[in-house]
Amino acid sequence: MDAELFPRARTTVAPGAVHVPDWLDPAEQRELLDACRQWARPPAGLRTVRTPGGGTMTARQVCLGRHWGVVPKCPACGRAVRDNPDCPGRHEYPYAYSRTAVDGDGAPVKPFPARLGDLARRAVADALGGPAPAAYDIALINFYGPGARMGMHRDSDEDADAPVVSLSLGDTCVFRFGNTETRTRPWTDVELRSGDLFVFGGPARFAYHGVPRVHPGTAPGELGLTGRLNITLRVSGR
Ligand SMILES: O=C(O)CCC(=O)C(=O)O
Ligand SMILES: [Fe+2]
């Protein structure tokens, strides 16, 4: 498998953005994968995410705690998205969090397990040091099958600036971590492998990032996963 002579080093990719290789051991990875398989079952299970322009994302997703997706109505004022420029809500972009799988089967989203909150706090403490916020309450789990990728975007639908915690399982990917101003360069490409942790908070919290490539067939054989899973843990602030 990974035959490096030396363990991969932890890297600060930008102030507030830290990559910790091999943060989850093989047993923890398997346990998390088993849990993801349960969470991916209906109701409110793994779904294809629609994009505002009528397309679909190539990574499929399941949410815990809050459902993230395209909403036809603004959660702040109840009017059609893009239809009320005076609203303090999120009219500029029709994604939002809700309690049900509004763009899926409509079922209530599964609860956010307390142990994922514990994991998130441990991750923040390990990666960034210092105290971690208590309030982790959202998990977005993305499954990358053959050819799936994710375009450059910011995680900006939360009402909190707590660090985002990202855990990777299965195939290795190229994770592109950019800047807070534009979705273009400068960026840094980081290889995320099964068990790796990436945390972005502080000045890096709202940086653009994406997954331009997943390397098929690179998952550790003993994990038993074809493809890649990424779990991001977040604080909704609501
Ligand atoms: O798959 C990844 O590593 C990144 C996922 C991501 O950026 C997101 O879910 O917002
Ligand atoms: Fe993201």
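Is Ala44 buried or exposed, and how many C-beta neighbours lie inside 10 Å? With 21 C-beta neighbours inside 10 Å, Ala44 counts as buried; a residue is called buried if 20 or more other C-beta atoms lie within 10 Å of its own, exposed if 12 or fewer, and partly exposed in between, with C-beta atoms placed from the backbone. The structure is a predicted model, in which local features need pLDDT of at least 70, side-chain atom pairs count only at pLDDT 80 or more, and totals for chains, interfaces and linings use all residues. Residues are numbered from 1 along each chain as its sequence is written, while chains are lettered from A and ligands numbered from 1 in the order in which they are written.

Ala44 also has a positive phi of about 50 degrees, although it is not a glycine. Its place is in the loop between H1 and S3, where helices (H or I, at least four residues) and strands (E, at least two) are DSSP runs, numbered from the N terminus. Pro43 is found in that loop too, between H1 and strand S3 (47–50), and a cis peptide bond with omega of about 0 degrees joins Pro42 and Pro43. Another cis bond runs from Arg185 to Pro186, with omega near 5 degrees; Pro186 sits in the loop between strand S10 (173–177) and strand S11 (188–192). Asp22, in the loop between S2 and H1, has a positive phi near 55 degrees. Most residues other than glycine have a negative phi, and most peptide bonds are trans.

We turn next to the annotated site. UniProt, in an unreviewed entry, places the feature "binding site" at His153, Asp155 and His209. These residues are spread over 57 residues of sequence, yet they cluster in space, with a largest C-alpha distance of 8.7 Å. UniProt positions follow the numbering used here, feature names are shortened, and annotations may be inferred rather than shown by experiment. His153 lies in strand S8 (residues 150–153) and is partly exposed, because 13 other C-beta atoms are within 10 Å. Asp155 belongs to the loop between S8 and strand S9 (164–170) and is likewise partly exposed, with 17 other C-beta atoms within 10 Å. Leaving aside neighbours within four places in sequence, Asp155 is in contact with Val164 and Arg234, contact meaning that C-beta atoms, placed from the backbone, lie within 7 Å.

Both Asp155 and His209 recur around ligand 1, whose surroundings also include Leu140, Asn142, Met150 and Phe175; a residue is near a molecule if its C-beta atom, placed from the backbone, lies within 6 Å of it. Strands S7 (138–144), S13 (209–214) and S14 (228–234) each supply at least two residues of this shell. The same unreviewed UniProt entry type gives "domain: Fe2OG dioxygenase" at residues 135–237, a stretch that is 0% helix and 44% strand.

Helix H2 (residues 114–128) offers a view of packing. H2 has 15 residues and reaches 21 Å from its first C-alpha to its last, close to the 21 Å expected at 1.5 Å a residue, the expected span being 1.5 Å times one less than the number of residues. Among its buried residues are Leu116, Leu119, Ala123 and Val124. The buried residues of H2 pack against strand S2 (17–20), S7, S9, strand S12 (197–200) and S14, whereas Ala114, Arg115 and Asp118 are exposed on the other side.

Notes
Two residues are in contact if their C-beta atoms, placed from the backbone, lie within 7 Å.
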